[in-house]
Amino acid sequence: RERERQILRMCSNINRFSVKELPKKQSVITLNPKDPIPAVLEKIFRNRIISTPVIDDNNKLIGSISIIDLILFTLNICHTSQELAKYFGLPQGNESQFADF
């Protein structure tokens, strides 16, 4: 995130603009708390987004989900490094690659 801040600081003209000048998307991609994880992944990857709001059945904003949230969720489900190695198709014994997680 620091790199992104540095890029924005380098633009000396950035202070004279407001949100209304930003390019607008046609629609907002949203999720529902009942959406299955595979559908969430498909929506995020198909629409090339990194974060999206979660809206309940009454169209009330209740949170947001990011790619990082999904990665951490996946890593928590894979309880052991052997499961991760198997998932990524790595030979057994290379589990140390996941030690930083």
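For helices, an axis is a line fitted to C-alpha atoms over the stretch in contact, and the angle between two axes runs from 0 to 180 degrees between N-to-C directions. The exercises below use this term on a predicted model.

**Exercise 1. The outline of the chain**

Task: State how many helices and strands the protein chain has, and in what order the elements run.

Solution.
- Step 1. Count the elements: the protein chain has 4 helices and 2 strands.
- Step 2. Read them from the N terminus on: the order is α-α-β-β-α-α.
- Step 3. Add the totals. The protein chain has 101 residues, and 17% of them count as buried. Its accessible surface is about 8,800 Å², with 58% of that belonging to carbon and sulfur atoms.
- Step 4. Look at the contacts with a separation of 6 or more: residues 24 or more positions apart account for 19% of these in the protein chain.

**Exercise 2. Two helices that pack**

Task: Describe how α2 and α3 pack, giving the angle, the distance between the axes and the handedness of the crossing.

Solution.
- Step 1. Locate the helices: α2 covers residues 37-46 and α3 covers residues 67-77.
- Step 2. Give the geometry. The angle is about 145°, and the axes are 11 Å apart. The crossing of α2 and α3 is left-handed.
- Step 3. List the residues that meet. From α2 come Ile-37, Val-40, Leu-41, Ile-44 and Phe-45, and from α3 come Ile-67, Leu-70 and Phe-73.
- Step 4. Sort them by kind: 8 are nonpolar, none is polar and none is charged.

**Exercise 3. The partners of Asn-32**

Task: Find where Asn-32 lies and which polar contact its side chain makes with another side chain.

Solution.
- Step 1. Place the residue: Asn-32 is in the loop between α1 (2-10) and α2.
- Step 2. Follow the side chain of Asn-32 to the backbone: it reaches the backbone nitrogen of Lys-34 at 2.9 Å.
- Step 3. Follow it to another side chain: Asn-32 makes a polar contact with the side chain of Asp-57, also at 2.9 Å.
- Step 4. Leave out residues up to four places away in sequence. Asn-32 then touches Val-54, Ile-55, Asp-56 and Asp-57.

**Exercise 4. Positive phi in two loops**

Task: For Arg-48 and Asn-59, give the loop, the value of phi and the class of accessibility.

Solution.
- Step 1. Arg-48 sits in the loop between α2 and β1 (51-55), while Asn-59 sits in the loop between β1 and β2 (61-66).
- Step 2. Phi of Arg-48 is near 55°, which is positive in a residue other than glycine. Asn-59 is not a glycine either, and its phi is positive at about 60°.
- Step 3. Apply the cut-off for exposed, which is over 50% relative accessible area. Arg-48 has 78% relative accessibility, so Arg-48 counts as exposed. Asn-59 has 66%, so Asn-59 counts as exposed.

**Exercise 5. Buried or partly exposed?**

Task: Decide whether Ser-66 and Lys-43 are buried, partly exposed or exposed, and list their contacts beyond four places in sequence.

Solution.
- Step 1. Place the residues: Ser-66 is in strand β2, and Lys-43 is in helix α2.
- Step 2. Recall that buried means under 20% relative accessible area, and partly exposed lies between that and 50%.
- Step 3. Ser-66 has a relative accessible area of 17%, so Ser-66 is buried. Lys-43 is at 26%, so Lys-43 counts as partly exposed.
- Step 4. Leave aside neighbours within four places in sequence. Ser-66 is in contact with Ile-50 and Ser-51. Lys-43 is in contact with Ile-29, Thr-30, Leu-31 and Asp-35.
- Step 5. Take one of these partners, Leu-31. Lys-43 and Leu-31 are 12 residues apart along the chain, and their C-alpha atoms are separated by 8.7 Å.

Conventions
Residues are numbered from 1 along each chain as its sequence is written. This is a predicted model: local features need pLDDT of at least 70, side-chain atom pairs count only at pLDDT 80 or more; totals for chains, interfaces and linings use all residues. Side-chain values use heavy atoms; hydrogens and water are left out. A crossing is left-handed if the near helix is turned anticlockwise from the far one by less than a right angle, and right-handed if clockwise. Contact means heavy atoms within 4.5 Å. Ala, Val, Leu, Ile, Met, Phe, Trp, Tyr, Cys and Pro count as nonpolar, Asp, Glu, Lys and Arg as charged, and the others, Gly among them, as polar. Buried means under 20% relative accessible area, exposed over 50%, partly exposed in between (1.4 Å probe, protein chains only). Accessible areas come from the Shrake-Rupley method with a 1.4 Å probe; for residues, only the protein chains shown count as cover. A polar contact is a pair of N or O atoms within 3.5 Å; within protein, one must be able to donate a hydrogen and the other to accept it, and residues adjacent in sequence count only if both atoms are side-chain atoms.
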